[in-house]
Amino acid sequence: MAMPRPTAAQLAYGSCTVIFSTFAMLLLSQTSSGAGIAVIAVAALALGLLVAMTVPLPQKRPAGVEQPASPEPLRASVPAPAHEPVRERAAS
């Protein structure tokens with residue numbers, strides 16, 4: 001089974017999460033050591049991956065359900081008028 005490709009929404013949300021969370025964690029921690037920066041980078045990547053995987057995927061229709069290409073025209077079912085004998089009015 002082939003692995004599904006990520007959607008544009010997954011790539012966008014994941015990338016933005018990595019960038020903004022890295023920036024925020026670096027500013028909040030005020031670390032300057034290489035090990036601290038590496039930990040923050042790994043944590044941001046993990047968070048971005050988590051966000052990208054939780055973006056809802058588009059729902060696929062079941063294979064058995066097909067919609068017609070063009071809907072059939074509706075036919076009006078109006079009963080035919082009853083034929084009654086013509087009544088003439090008496091001249092007054």
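Here is a short chat about two helices and the loop between them in a predicted model.

Modeller: Quick ground rules: residues are numbered from 1 along each chain as its sequence is written. The model is predicted, with local features needing pLDDT of at least 70, side-chain atom pairs counting only at pLDDT 80 or more, and totals for chains, interfaces and linings using all residues, while side-chain values use heavy atoms and leave out hydrogens and water.

Colleague: What makes Gln10 buried or exposed?

Modeller: Buried means under 20% relative accessible area, exposed over 50%, and partly exposed in between (1.4 Å probe, protein chains only). Gln10 has 7% relative accessibility, so it counts as buried.

Colleague: And which does Gln30 count as, buried or exposed?

Modeller: Gln30 is at 69%, so it counts as exposed. Gln30 sits in the loop between helix 1 and helix 2, helices being DSSP runs of H or I with at least four residues, numbered from the N terminus. Gln30 also has a positive phi of about 50° without being a glycine. Most residues other than glycine have a negative phi.

Colleague: How do you know that the span of helix 2 agrees with its 21 residues?

Modeller: The expected span is 1.5 Å times one less than the number of residues. For residues 34-54 that gives 30 Å, and the end C-alpha atoms are 30 Å apart, so the two agree.

Colleague: Which residues of helix 2 are buried?

Modeller: Gly36, Ile40, Ala44, Gly48 and Ala52. They cover an arc of only 135° around the axis (taken from the directions from the helix axis to the C-beta atoms), which puts them on the same side of helix 2. Those buried residues pack against helix 1 (8-29), where contact means heavy atoms within 4.5 Å.
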